[in-house]
Amino acid sequence: MEKIENWNEVEAKGMEDFKSLPVGAYECIIKKAEVYKNDKTSKQSLKVQVDIASGEYKGYFQKRYDNNTNADKTWDNNSTRYLSFEGDNIAYFKGFITCVENSNPGYKWDWDETKLTNKKICGVYQYEEYEKQDGTKAVKVRLNKFRSLDKMKDIEVSYSVKLLNGSYMDIDDYNEKKENATAEEIFGKSIVETDSGELPFDDFQI
């Protein structure tokens, strides 16, 4: 291998010791909010991207974004939610807006989604099952729901896993099941689709 020029001046990237975000409720800040249209279904939703605003993990997702060396990098989907504002989902959308209003004294929703940027809100991160490209299933910590900031102190940390079929299982039971799973159970492709971006939050509370 030939020596790379300016090797000593090149900044090494991608090998940082990055701690995983634990499940729990966090004070968050909205980094971006925009109307999103699903090309396949033509349905619209509000795409909300947030980051951790305080504590040990402040700026967690911004750091992940900054450390991503891919040319086509995007904001971490684990800290992004899509809120449908059509049909029966209007009530859930209004629940989100009410959480923002309650968490930011003086702010009133005026149908300008760009003004949601830099507003504070409580984000609840929880284990969620997902399917990898090879067909196997795994668990990640993902933004699951929103709450008003004044409710954050009363939120009990949940160690259950939201499964692909929408049900929940304790994380210890989930890991035990995977250890005892057959090859078919591990590699068999689930017929249940992953998050489509159109579903409302579970158990939404203002």
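Buried here means under 20% relative accessible area, exposed means over 50%, and partly exposed is anything in between (1.4 Å probe, protein chains only). Keep that scale in mind for Lys 32, which is partly exposed at 39% relative accessibility.

This is a predicted model, so local features need pLDDT of at least 70 and side-chain atom pairs count only at pLDDT 80 or more, while totals for chains, interfaces and linings use all residues. Residues are numbered from 1 along each chain as its sequence is written, and side-chain values use heavy atoms, with hydrogens and water left out.

**Stop 1: salt bridges**

Stay on Lys 32 and add Glu 34: the two form a salt bridge, with the closest N and O atoms 3.8 Å apart. The term covers a side-chain nitrogen of Lys or Arg within 4 Å of a carboxyl oxygen of Asp or Glu. Glu 34 is partly exposed too, at 29%. The structure holds 7 salt bridges.

Now select Asp 76 and Arg 64, whose closest N and O atoms are 2.9 Å apart in another salt bridge. Asp 76 sits in the loop between helix H1 (60-67) and strand S3 (80-84) and Arg 64 in helix H1, so this pair ties together parts 12 residues apart in sequence. Helices (H or I, at least four residues) and strands (E, at least two) are DSSP runs, numbered from the N terminus. Asp 76 is buried at 16%, whereas Arg 64 is partly exposed at 37%.

Next, pick Asp 110 and Lys 115, a salt bridge at 2.6 Å between the closest N and O atoms. Then show Arg 81, Glu 128 and Arg 142, which are joined into one network by salt bridges that share partners.

**Stop 2: the core**

Which residues have the most contacts inside the largest nonpolar core? Select Ile 30, Ile 52, Phe 96, Leu 116 and Tyr 125; the core as a whole has 28 residues. A nonpolar core is a set of buried Ala, Val, Leu, Ile, Met, Phe, Trp, Tyr and Cys residues joined through side-chain atoms within 4.5 Å. Helix H2 (90-103) is one of the elements giving two or more residues to this core, and H2 supplies the largest share, 5 residues.

Zoom in on Ile 30. Leaving aside residues up to four places away in sequence, Ile 30 touches residues including Val 48, Val 50, Phe 96, Val 100 and Leu 116; contact means heavy atoms within 4.5 Å.

**Stop 3: aromatic rings**

There are 11 aromatic pairs. Rings of Phe, Tyr and Trp (its six-membered ring) pair if their centres lie within 6.5 Å; planes under 30 degrees apart are stacked, over 60 edge-to-face, and the rest tilted. Show Tyr 36 and Tyr 82: their centres are 5.0 Å apart and their planes at 65 degrees, so the pair is edge-to-face. This pair links distant parts of the chain, with Tyr 36 in strand S1 and Tyr 82 in strand S3, 46 residues apart. Tyr 36 is partly exposed at 30%, while Tyr 82 is buried at 15%.

For a cluster, select Tyr 26, Tyr 57, Tyr 60, Phe 61 and Tyr 125, which are linked by ring pairs.

**Last stop: a charge over a ring**

Finish with Lys 73, whose charged end sits over the ring of Tyr 65, 4.4 Å from its centre. The rule is NZ of Lys or CZ of Arg within 6 Å of the ring centre and within 35 degrees of the ring normal.
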